[in-house]
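Subject: Structure handover

Hello,

Here is the structure you asked about. Please open it next to this email, and then read on for what turned up in it.

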Amino acid sequence: MKRTKVIDALKSTAYGSDICVKGWVRSKRGSKGIFFIALNDGSTIKSMQIVGEDTNFDEETIKRITTGACLSVVGKLVESPAAGQASEIQAAEIEILGDCES
């Protein structure tokens with residue numbers, strides 16, 4: 001799948017379509033079986049929010065996702081229910097391209 005830059009993904013309104021973004025983790029947090037990743041590729045100051053369910057990914061992969069890690073994420077572009085952002089990506093696949101020690 002062709003990579004989409006974060007700046008273009010943030011502008012897109014093609015909700016429901018599959019998308020691939022690559023970049024570095026700015027932050028990661030989790031809550032009740034769901035994790036949130038702020039992913040940035042340098043194309044804009046803003047980050048794309050990635051949302052994933054812990055049950056869809058193995059525990060080791062989730063542990064390796066730390067600030068500074070380089071990821072490739074494939075998922076669906078959806079309208080964000082949260083304030084402050086128009087869209088987010090519901091992750092279907094996450095590939096760790098490079099680890100970053102904490």
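A disulfide here is a pair of cysteine sulfur atoms within 2.5 Å. The sulfur of Cys 70 is too far away for such a bond: the closest cysteine sulfur, in Cys 100, is 10 Å off. Cys 20 is also too far for a bond, because 11 Å separate its sulfur from the closest cysteine sulfur, in Cys 70. The search of the whole structure gives zero disulfides.

Some ground rules before the rest. This is a predicted model: local features need pLDDT of at least 70, side-chain atom pairs count only at pLDDT 80 or more, and totals for chains, interfaces and linings use all residues. Residues are numbered from 1 along each chain as its sequence is written, and side-chain values use heavy atoms, with hydrogens and water left out.

**Overall layout**

The chain has two helices and five strands. Helices (H or I, at least four residues) and strands (E, at least two) are DSSP runs, numbered from the N terminus. Read from the N terminus, the order is α-β-β-β-α-β-β.

The chain has 102 residues and a radius of gyration of 12 Å, which agrees with the value near 13 Å for a compact globule. That radius is taken over C-alpha atoms, and the globule rule is 2.2 Å times the number of residues to the power 0.38. Along the principal axes, the C-alpha atoms fill a box of roughly 35 × 30 × 25 Å.

Of the 102 residues, 39% count as buried. Buried means under 20% relative accessible area, exposed over 50%, and partly exposed in between (1.4 Å probe, protein chains only). Contact means heavy atoms within 4.5 Å. Among contacts between residues at least 6 apart in sequence, 54% join residues at least 24 apart.

**Cys 20 and Ser 72**

Cys 20 is buried, at 3% relative accessibility. Ser 72 touches Cys 20; its other contacts, leaving aside neighbours within four places in sequence, include Val 21, Lys 22, Glu 93 and Leu 97. Ser 72 sits in strand β4 (residues 70-79). Ser 72 is buried too, with a relative accessible area of 8%.

**Lys 28 and Ile 62**

Lys 28 is in strand β1 (residues 18-31). Its relative accessibility is 33%, so Lys 28 counts as partly exposed. Ile 62 is in helix α2, and at 14% relative accessibility Ile 62 is buried.

Lys 28 and Ile 62 are 34 residues apart in sequence, and their C-alpha atoms are 9.8 Å apart. The side chain of Lys 28 reaches the backbone oxygen of Ile 62 at 2.7 Å. A polar atom of that Lys 28 side chain also lies 3.3 Å from the backbone oxygen of Ile 65. Such a polar contact is a pair of N or O atoms within 3.5 Å; within protein, one must be able to donate a hydrogen and the other to accept it, and residues adjacent in sequence count only if both atoms are side-chain atoms.

Not counting residues up to four places away in sequence, Ile 62 touches Lys 28, Phe 35, Asp 54 and Phe 57.

**Aromatic rings**

Two of those contacts of Ile 62, Phe 35 and Phe 57, come up again here. The whole structure holds one aromatic pair. Phe 35 and Phe 57 form this pair, edge-to-face, with 5.7 Å centre to centre and 65° between the planes. Phe 35 lies in strand β2 (residues 34-40) and Phe 57 in the loop between β3 (48-53) and α2 (59-64), so the pair ties together parts 22 residues apart in sequence. Rings of Phe, Tyr and Trp (its six-membered ring) pair if their centres lie within 6.5 Å; planes under 30 degrees apart count as stacked, over 60 as edge-to-face and the rest as tilted. Both Phe 35 and Phe 57 are buried.

**Asn 40 and Lys 32**

Asn 40 is in strand β2 and is buried, with a relative accessible area of 10%. The Asn 40 side chain reaches the backbone nitrogen of Gly 42 at 2.7 Å. A polar atom of the same side chain lies 2.7 Å from the backbone oxygen of Lys 46.

Lys 32 is in the loop between β1 and β2. At 83% relative accessibility, Lys 32 is exposed. Lys 32 has a positive phi of about 50°, although it is not a glycine. Most residues other than glycine have a negative phi.

Best wishes
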